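Reader: I am new to protein models. Can you show me how to read one, feature by feature?

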Amino acid sequence: LFVVGAVSFTIMGIALGKGGGSGVEVVMDQFRIYLLGGLAAFGQHIQETQLMDWGTNIMRTPLLVLRHVGIEVPVPDLMKEYRFIPDPTNVYTFYLPYFDDFGYVGAFFAPFVIGFLQGKVYKRARMGSSPFMIFYALLLYPLFMQFFQDQYFSLMSTWVQYTGWTLVAFLGGRILVAQPRRQPAPSPAGG
């Protein structure tokens with residue numbers, strides 16, 4: 001799986017012209033920046049003294065909804081500032097919004113809470129619950145991407161939509177299946 005991921009990363013980097021050139025050295029440089037850059041950038045970020053945001057980063061989607069209906073609230077950007085590690089990167093790992101919102105406590109507890117919920121979905125999927133099989137498959141994406149950026153709360157609107165459509169599909173199917181079938185009319189006697 002690692003080899004397939006590395007080859008895919010390399011092919012996409014070459015196809016998109018990442019790194020300003022081609023060759024093994026440029027590809028390895030980009031691979032190094034994306035693989036190690038998030039930890040280094042996050043390390044620089046936590047060394048700065050800053051006030052906690054108290055939930056504005058992980059509740060970005062509800063804040064956007066409030067802004068859309070006319071309530072003026074501050075909404076943090078998804079695109080974070082670049083750090084030089086020494087190369088420029090704006091990848092900070094999964095921990096950034098939790099650290100910015102609740103400090104070290106948020107960065108410490110967020111993996112446990114998300115891991116607990118991910119584990120519950122996995123257990124329900126293993127029991128054969130079809131909606132949870134779909135939820136588990138969908139939740140593999142943020143699980144694998146957490147090394148780069150939080151995908152759980154930053155994509156909250158996507159998860160709400162996926163949940164809604166999955167529930168509509170399964171509950172709608174149950175409603176259609178549960179409808180009583182019409183019995184054929186009995187044939188006339190003696191006929």
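Author: We start with the whole chain and then turn to single features. Keep in mind that this is a predicted model.

Reader: What does the secondary structure of the chain come to?

Author: Begin by listing the elements. Here there are six helices and two strands. Then read them in order along the sequence. The pattern is α-α-α-β-β-α-α-α.

Reader: How much of the chain counts as buried?

Author: Buried means under 20% relative accessible area. By that rule, 27% of the 191 residues count as buried. Now take the outside. The chain exposes about 13,500 Å². Carbon and sulfur atoms supply 69% of that area.

Reader: What share of the contacts joins residues 24 or more positions apart?

Author: Take the contacts in the chain with a separation of 6 or more. Residues 24 or more positions apart account for 59% of them.

Reader: Can we look at one helix? What should helix α5 span, and how far apart are its ends?

Author: Use the rise per residue as a ruler. Helix α5 covers residues 130-145, which is 16 residues. At 1.5 Å a residue, α5 should span 22 Å, because the rule takes the rise times one less than the number of residues. The end C-alpha atoms are 24 Å apart, which agrees.

Reader: Where does α5 have a kink?

Author: Look at L139. A kink of about 25 degrees lies there, shortly before the proline P142. Both L139 and P142 are buried, and so are P131 and F135 in the same helix.

Reader: Next, the surface. Which residues form a nonpolar patch?

Author: For a patch, look for nonpolar side chains that are exposed enough and lie together. V105, F108, F109, F112, V113, F116 and L117 form one on the surface. Together they have about 750 Å² of accessible area. Take V113 as a sample. V113 sits in helix α4, residues 96-126. Its relative accessible area is 47%, so V113 is partly exposed, short of the 50% that exposed requires.

Reader: What does Y95 touch?

Author: First place the residue. Y95 is in the loop between β2 (88-89) and α4. Then list its partners, leaving out residues up to four places away in sequence. Y95 touches F42, A107 and P111. Also check C-alpha distances. Y95 and D150 are 55 residues apart along the chain, yet their C-alpha atoms are separated by 7.0 Å. Y95 itself is partly exposed, at 33% relative accessible area.

Reader: How many salt bridges does a search of the whole structure find?

Author: The search looks for opposite charges whose N and O atoms come within 4 Å. It finds two. In one, R83 pairs with E48, and the closest N and O atoms are 2.6 Å apart. R83 lies in strand β1 (residues 83-84) and E48 in the loop between α2 (24-47) and α3 (60-68), so the pair ties together parts that are 35 residues apart in sequence.

Reader: And the other one? Which residue forms a salt bridge with E81?

Author: R83 again. The closest N and O atoms of E81 and R83 are 3.7 Å apart. E48, E81 and R83 are thus linked in a network of salt bridges.

Reader: Is R83 buried or exposed?

Author: Compare the three members. R83 is buried, at 8% relative accessible area. E48 is partly exposed at 37%, and E81 is exposed at 52%.

Terms used
Residues numbered from 1 in each chain as written. Predicted model: local features only at pLDDT ≥ 70, side-chain atom pairs only at ≥ 80, totals over all residues. Heavy atoms only, no water. Helix = DSSP H or I, 4+ residues; strand = E, 2+ residues; numbered from the N terminus. Bend = angle between axes of the 7 residues up to and from the residue. Buried < 20%, exposed > 50% of the residue type's maximum accessible area, 1.4 Å probe, protein only. Patch = residues over 30% accessible without salt bridge, like charges linked within 9 Å, V, L, I, M, F, W, Y side chains within 5 Å. Areas by Shrake-Rupley, 256 points an atom, 1.4 Å probe, with all protein chains shown as cover. Contact = heavy atoms within 4.5 Å.
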